[in-house]
Amino acid sequence: MTAADSFFPEDYASARKRFCETARERSWQFETHPRSGGRDGELFTDVARIGSQSPRKLLVLSSGLHGVEGFHGSAIQQQLLQTLDEKEIVKSNSAVLLVHALNPYGFARLRRSDENNVDANRNFLLPNEEYRGTPQHYQQVDSLLNPTQWPKRELPVHLQALVKIAKYGYKNIQQAIAGGQYDFPHGLFYGGTQPSEAMIFTERYVLPMFQEAKTVLHLDIHSGLGKRGQYQMLLDHDLSPNEKVWMSSLFQRDFSTNRGSEHYQTRGSINRWVRHHVPHAVSACWEFGTYNPITVLAALRAENAAHHWGDRSSKEFVSSKEKLKEIFCPRSDSWRQSVLNPADELLDQVVHQWLLQ
Ligand SMILES: [Zn+2]
């Protein structure tokens, strides 16, 4: 096992155990919330906090909103738990909040979506938005993306079809496919028909802590989008002129425009929803690149078909899950280092140049 591997969990249960143990050892305040979707006593969202109860500044790191992306989100949280100097935080009028596994079902079952096939990061609609509608391009490629039977093997014809999608102009099609849809309940990027448990949980237990702070920086950790081994800080809400200056200097990139080149607009993101409910919170998606978009889409498609229509006792079913895990949290040591080192550096900068100032 390499040094990087020691931060990356093998499965949801060991990620959770480690998160809880380290938070307790380090004297963080700790809450554990049972969640539905698994066997009794199996799934939880765990919340650890250190520092002031009504802080001037609150840093929040959340993981696993996209289930299987929790492997690497949990690793970043574990690294912070082990390296943060709690005494410095306690002495200051600030606080750090870690929310572990917002979608524990997806984390445990190696799915990006929740137990109702809902993509939780398309589900946080604002009070005036409706859970319906699907982009036209999505409707055109639904049968290709979401086959209603399970081919045990990815046939070349299917892979060719995915390449064809890429030829439409991947950016356009990516926007249409991954932006979110509300009409195909077995499909990818399905936003659901009502607030999901992840949204209700966040509203009930997490948002009040945002509201008690004067300023909040929320980083929701994701993977699978962007260049391999690089991260992006993506925003889908506006910033005030002061926030633009603050964010640009803290992250050393230009926040005068909102999104990076790889980004597409989605409906129902947690970031926009947080900002709507807590206007003094800046909420960003912290994305780490893994594989190219077609490989990611092919793995999502195969796992989704296996999940709905596959034979669960087969080797192929298990391998579609393992493949998805690899796609969102590669085993390669160089990728793992490329996540941990810059995350450590960036969080150190956020703590020392903002939180403790
Ligand atoms: Zn994600």
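This text walks through a predicted model, from its zinc site to a helix pair and a few single residues. Residues are numbered from 1 along each chain as its sequence is written. Local features need pLDDT of at least 70 and side-chain atom pairs count only at pLDDT 80 or more, while totals for chains, interfaces and linings use all residues; side-chain values use heavy atoms, with hydrogens and water left out.

Start at the zinc ion. His-66 and His-222 each coordinate it through ND1, and Glu-69 is listed twice, through OE. The distances run from 2.0 to 2.7 Å. Donors here are N, O and S atoms within 2.8 Å of the metal (3.2 Å for Na, K and Ca); water is not among the atoms, so sites may look incomplete. Along the chain, the donors follow the spacing H-x2-E-x152-H. The arrangement is irregular because the 4 donor atoms subtend angles of 53 to 142 degrees around the zinc ion. Four donors count as tetrahedral if all angles lie between 85 and 135 degrees; four count as square planar and six as octahedral if opposite donors are over 155 degrees apart and all others between 65 and 115; anything else is irregular. Both His-66 and Glu-69 are buried. Buried means under 20% relative accessible area, exposed means over 50%, and partly exposed lies in between (1.4 Å probe, protein chains only).

Next come the helices and strands. These are DSSP runs, numbered from the N terminus: helices are H or I with at least four residues, strands are E with at least two. Ser-63 sits in the loop between β3 (57-62) and α2. Ser-63 has 0% relative accessibility, so it counts as buried. Beyond residues up to four places away in sequence, Ser-63 touches Gly-73, Ser-74, Gln-77, Val-99, His-100, Ala-101, Leu-102 and Asp-220. Contact means heavy atoms within 4.5 Å.

One of those partners, Ala-101, lies in the loop between β4 (94-100) and α4 (104-109). Ala-101 is also buried, at 0% relative accessibility. Its phi is positive, about 70 degrees, although Ala-101 is not a glycine. Most residues other than glycine have a negative phi. Gln-252 also has a positive phi, of about 50 degrees. Gln-252 is found in the loop between α9 (241-251) and α10. Is Gln-252 buried or exposed? Gln-252 is exposed, with a relative accessible area of 63%.

Helix α2 spans residues 70-83 and holds Gln-78. Gln-78 is buried, at 3% relative accessibility. Leaving aside residues up to four places away in sequence, Gln-78 touches Phe-7, Arg-18, Phe-19 and Thr-22. Gln-78 and Cys-329 are 251 residues apart in sequence, and their C-alpha atoms are 15 Å apart in space.

Asp-11 lies in the segment before α1 (12-25). Asp-11 is partly exposed, with a relative accessible area of 38%. Phe-71 and Phe-107 touch Asp-11, not counting residues up to four places away in sequence.

Finish with a helix pair. The axes of α8 (residues 197-212) and α10 (residues 270-277) come within 11 Å and cross at roughly 50 degrees. Axes are lines fitted to C-alpha atoms, for helices over the stretch in contact, and angles run from 0 to 180 degrees between N-to-C directions. That crossing makes α8 oblique to α10. Angles under 35 degrees count as roughly parallel, over 145 as roughly antiparallel, 65 to 115 as roughly perpendicular and the rest as oblique. From α8, the contact includes Met-199, Leu-207 and Phe-210; from α10, it includes Ile-270, Trp-273 and Val-274.
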